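Hi,

Here is the structure I promised to pass along. Have a look through it first, and then read my notes underneath.

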Amino acid sequence: DAADGIEESGAVLVFDDAACGRCRLRDVEVANLGVDWSAPGNVVWSAQLSRHESCEITLHGDAELDAKGVRLEGNLRYSVPSGWRLKLRPDGKGGVAEAWTHLATAAADADAAAAETAAASAEGE
């Protein structure tokens, strides 16, 4: 039973918090035409719906998406590759600015900054 983490094959499913994707949406508005309720073939109870527009976010591996203070309008698709962070912020002109960060590079930069701070602190003692 996969519910307890063991599949029928005997393989154990392992979830690693450090290796999963993260999506943070703060003060985000999504505005689009949404579901086409008149489309034939919609099966509401199983979420098989035709859409006019949607906002789709796909995170691969340990990818991250961090959106703050933005309006996501229209038919949008964000796909963030493993090892990357996509930051969405207002661009000051009514749109959305994208900033991409490689997670390994950001972690190395943070480690280097911490080491510099520690060294400067040790010199001051």
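Let me start with the contacts, counting heavy atoms within 4.5 Å as a contact. Among contacts in the protein chain between residues at least 6 apart in sequence, 30% join residues at least 24 apart.

Before you read further: this is a predicted model, where local features need pLDDT of at least 70 and side-chain atom pairs count only at pLDDT 80 or more, while totals for chains, interfaces and linings use all residues. Residues are numbered from 1 along each chain as its sequence is written, and side-chain values use heavy atoms, with hydrogens and water left out.

The overall layout

The protein chain has one helix and eight strands, and along the sequence the pattern reads β-β-β-β-β-β-β-β-α. Those elements are DSSP runs numbered from the N terminus, with helices being H or I of at least four residues and strands being E of at least two. About 8,800 Å² of the protein chain is accessible surface, and carbon and sulfur atoms account for 51% of that; the areas come from the Shrake-Rupley method with a 1.4 Å probe, and for residues only the protein chains shown count as cover. Of the 125 residues, 18% count as buried. Here buried means under 20% relative accessible area, exposed means over 50%, and partly exposed is in between (1.4 Å probe, protein chains only).

The core

Which residues make up the largest nonpolar core? There are nine: Ala63, Leu65, Ala67, Val70, Leu72, Tyr78, Val80, Leu86 and Leu88. Strand E4 (64–68), strand E6 (76–80) and strand E7 (84–90) each supply at least two of them. A nonpolar core, by the rule used, is a set of buried Ala, Val, Leu, Ile, Met, Phe, Trp, Tyr and Cys residues joined through side-chain atoms within 4.5 Å. Leu86 is a good one to click on: leaving out residues up to four places away in sequence, Leu86 touches Glu64, Leu65, Asp66, Tyr78, Val80, Glu98, Ala99 and Trp100.

Charges

The count comes to seven salt bridges, where a salt bridge is a side-chain nitrogen of Lys or Arg within 4 Å of a carboxyl oxygen of Asp or Glu. Asp66 turns up in several of the ones I looked at. Its side chain meets that of Arg24 at 3.5 Å, N to O, and this pair links distant parts of the chain, with Asp66 in strand E4 and Arg24 in strand E1 (residues 22–26), 42 residues apart. Asp66 also bridges to Arg26 at 2.8 Å, N to O; Arg26 is in strand E1 too, so this pair ties together parts that are 40 residues apart in sequence. Then there is Arg89, whose side chain meets Asp66 at 3.1 Å, N to O. Because Arg89 lies in strand E7 and Asp66 in strand E4, that pair ties together parts 23 residues apart in sequence. Through shared partners, these salt bridges join Arg24, Arg26, Asp66 and Arg89 into one network.

How covered are the members of that network? Asp66 is buried at 8% relative accessibility. The arginines are partly exposed: Arg24 at 47%, Arg26 at 30% and Arg89 at 23%.

Asp36 is another story. It sits in the loop between strand E2 (29–31) and strand E3 (55–59). Asp36 is buried yet has no salt bridge, and the nearest side chain of opposite charge, Arg51, is 11 Å away. For charge, Lys and Arg count as positive and Asp and Glu as negative, while His and the chain ends are not counted. Leaving aside neighbours within four places in sequence, Asp36 is in contact with Asn42, Ser50, Arg51 and His52.

Cysteines

A disulfide here is a pair of cysteine sulfur atoms within 2.5 Å, and by this rule the count comes to zero. The sulfur of Cys55 is the nearest cysteine sulfur to Cys23, at 8.9 Å. Cys23 is partly exposed at 42% relative accessible area, and Cys55 is partly exposed at 24%.

Two backbone oddities

Most residues other than glycine have a negative phi. Asp27, not a glycine, has a positive phi of about 50°; Asp27 lies in the loop between E1 and E2 and is exposed at 66%. Ala47 has a positive phi too, near 60°. Ala47 is in the loop between E2 and E3 and counts as exposed at 58% relative accessibility.

Cheers
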